[in-house]
Amino acid sequence: MKSVNTFGDALLRNFLGNSPYWYKTAIIGFLVFNPLILISFGPVITGWLLIFEFIFTLAMALKCYPLQPGGLLAIEAVIIGLTHPEQIYQEVAANLPVILLLMFMVAGIYFMKGMLLFVFTKLLLNVRDKIKISLLFSFMGAFLSAFLDALTVTAVLISACVGFYAVYHKVASGTPMDEGHDHSNDDHVAQERREELEQFRAFLRSLLMHGAVGTALGGVCTLVGEPQNLLIGEKMGWHFAEFFLNVAPVSMPVLVMGLLTVVVVEKKSLFGYGALIPDTVFNILRDFDRQQDAKRTARERLALYVQFAAALFLIIALALHLAEVGLIGLTIIILVTSLNGVVEEHQIGKAFEEAMPFTALLVVFFTIVSVIHDQHLFKPIIEGVLAMDQSRQAAMFFIANGLLSAISDNVFVATVYINEVAAAFDAGTISRQHFDTLAIAINTGTNLPSVATPNGQAAFLFLLTSAVAPLVRLSYMRMVIMALPYTLVLSLVGLGATVLML
């Protein structure tokens, strides 16, 4: 590595950390040229340029988490007058329920990971048929994401698969169970087990992808399934049951066809699916799970019961809208930690590690949205779409949201479009019934086609950057290829249902 000899070298090395040099140069270029563009071409052109620059930071999330580069662009937007702190505060205040959701619901589900891990482990070890286990992983991912948080459900899938992989890898390497082992290193894997290991990797890859897509199938259905759902629900005044019923004409056909896609790709071994778990591997995992069950103490069993009870309460509280979603999440935190003895500050703090970076990024989203509002950037586009025949508008919103969500972030895209459509409704341009239709199109458009790439779905990006991805050889392009059949089915069925059912 080149030594750092000057202050300038140190500054460039520190700026955005380990991001590639070309990426750092691009961000610096954006920051330098934006004020010049503002002076030369005015705020509207500069505002649009800022949007594309921000989408670039979202699309390059694997190079650098978007909070820092996107945040620098947002700060510059305030400094050069594209928006104002008061307007940003109004955006944040208007979306407080979404922030509470991310802060408390995600953290609340963290304390239920033991129960979720128990469920997925038992599913894997009690269902031998590959199509059935794939369907169960996808359905459970959908069901849990409809009530919980897609990132947490994905985190549980990752934890389960890393655990399974580590147990088998240790045996395949000839390491005793009571000794430490580096399961990322294949050097000590016995030669006769290497083919078996590759098959096991393919098996785990397929389950992870089925489960991750399942989080999208369920996430589109309910108010808490994805962060943008709550944002849309707040604008529409929909509670949990209302949201589900309004979106169901699109979400239910998509769910059915998504599950049928699981069957087809597994049965025909398409797009990297179809690998079976080797019998030797299954026997090793089953024996290990039995040993773990035998060692489980009364306190550990009680903790699982408490988590199951908390999950039941969560479903009832959401369905009956007993309180704002974030407050229900805080209730879960208090109940589960109190009853399971998690009372130290550092133990509780871990639960917030997953949610807080994205919560901060969401506030940056709202800053860019504030620029859009202050400069009226989307007004001509929205007016153009609303000038079309009403029968075509929902489809256009679905397609536009889908394409943008696949390359950037579906929360940002949904935030922009629902705010613009809400403004049109407030101005009396569209009726309440048509407002409902367009809101459904925006919700489904941002949730379904976004499975095309890891950039569009936070759960996919989380999976790709997790510890399990290199273990099972899940690269960016492999994920795109494995998501392709789902992308086609979910997008086409979603678009068809939007046109025919709304």
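Helices here are DSSP runs of H or I with at least four residues, numbered from the N terminus. Before you start clicking, note that this is a predicted model, in which local features need pLDDT of at least 70, side-chain atom pairs count only at pLDDT 80 or more, and totals for chains, interfaces and linings use all residues. Residues are numbered from 1 along each chain as its sequence is written, and side-chain values use heavy atoms, with hydrogens and water left out.

**Stop 1: threonine 487**

Select threonine 487, which sits in helix 24 (residues 476–501). Its relative accessible area is 11%, so it falls in the buried class (under 20%, against over 50% for exposed and partly exposed in between, with a 1.4 Å probe on protein chains only). Now show its contacts, meaning heavy atoms within 4.5 Å. Once neighbours within four places in sequence are set aside, threonine 487 is in contact with Pro449, Val451 and Ala452.

**Stop 2: valine 254**

Next, pick valine 254 in helix 12 (residues 240–267). With a relative accessibility of 1%, valine 254 is buried. Not counting residues up to four places away in sequence, it touches Leu217, Leu448, Leu490, Val493 and Gly494. For a distance label, add glutamate 192: the two residues are 62 apart along the chain, and their C-alpha atoms are separated by 43 Å.

**Stop 3: helices 19 and 21**

Colour helix 19, residues 390–407. How far apart are its end C-alpha atoms? They are 27 Å apart, in agreement with the 26 Å expected for 18 residues at 1.5 Å a residue; the expected span is 1.5 Å times one less than the number of residues. Its buried residues are Gln393, Ala394, Ala395, Phe397, Phe398, Asn401, Gly402, Ser405 and Ala406. An α-helix has 3.6 residues a turn, so residues three or four places apart point the same way. The cover over the buried residues of helix 19 includes helix 18, helix 20 (410–426), helix 21 and helix 24.

Move on to helix 21, residues 432–447. Its 16 residues should span 22 Å, and the 23 Å between its end C-alpha atoms agrees. Helix 21 is mostly covered, with 14 of its 16 residues buried.

**Stop 4: the second largest pocket**

Rolling a probe the size of a water molecule over the atoms shows where empty space is left. On a 1 Å grid over the protein atoms alone, using a 1.4 Å probe, a pocket is an open set of points with protein on both sides within 12 Å along at least five of seven lines, and lining residues have an atom within 4 Å of a point. The second largest pocket has a volume of about 390 Å³, where volume is the space filled by probe spheres set on the points, which are joined across faces, edges and corners.

Which of the 18 lining residues should you select to find its centre? Leu117, Thr121, Asp289, Gln292 and Arg296 lie nearest to it. Helix 7 (113–126), helix 9 (150–172), helix 13 (279–295) and helix 14 (298–319) each supply at least two lining residues. Helix 7 gives the largest share, six residues. By type, the lining divides into nine nonpolar, six polar and three charged residues; Ala, Val, Leu, Ile, Met, Phe, Trp, Tyr, Cys and Pro count as nonpolar, Asp, Glu, Lys and Arg as charged, and the others, Gly among them, as polar.

**Stop 5: phenylalanine 147**

Select phenylalanine 147, found in helix 8 (residues 130–147). At 14% relative accessibility, phenylalanine 147 is buried. Leaving out neighbours within four places in sequence, its contacts are Val224, Phe240, Leu314, Ile315 and Leu318.

**Stop 6: two loop residues**

Is leucine 16 buried or exposed? Leucine 16 counts as buried, at 13% relative accessibility. Look for it in the loop between helix 1 (7–14) and helix 2 (21–41); its phi is positive, about 60°, although it is not a glycine.

Then jump to histidine 376, in the loop between helix 17 (355–375) and helix 18 (379–386). Histidine 376 is not a glycine either, yet has a positive phi of about 55°. This residue is exposed, with a relative accessible area of 53%.

**Last stop: the cysteines**

How many disulfides does a search of the whole structure find? Zero, taking a disulfide as a pair of cysteine sulfur atoms within 2.5 Å. Finish by selecting cysteine 161, buried at 2% relative accessible area, and cysteine 221, buried at 4%.
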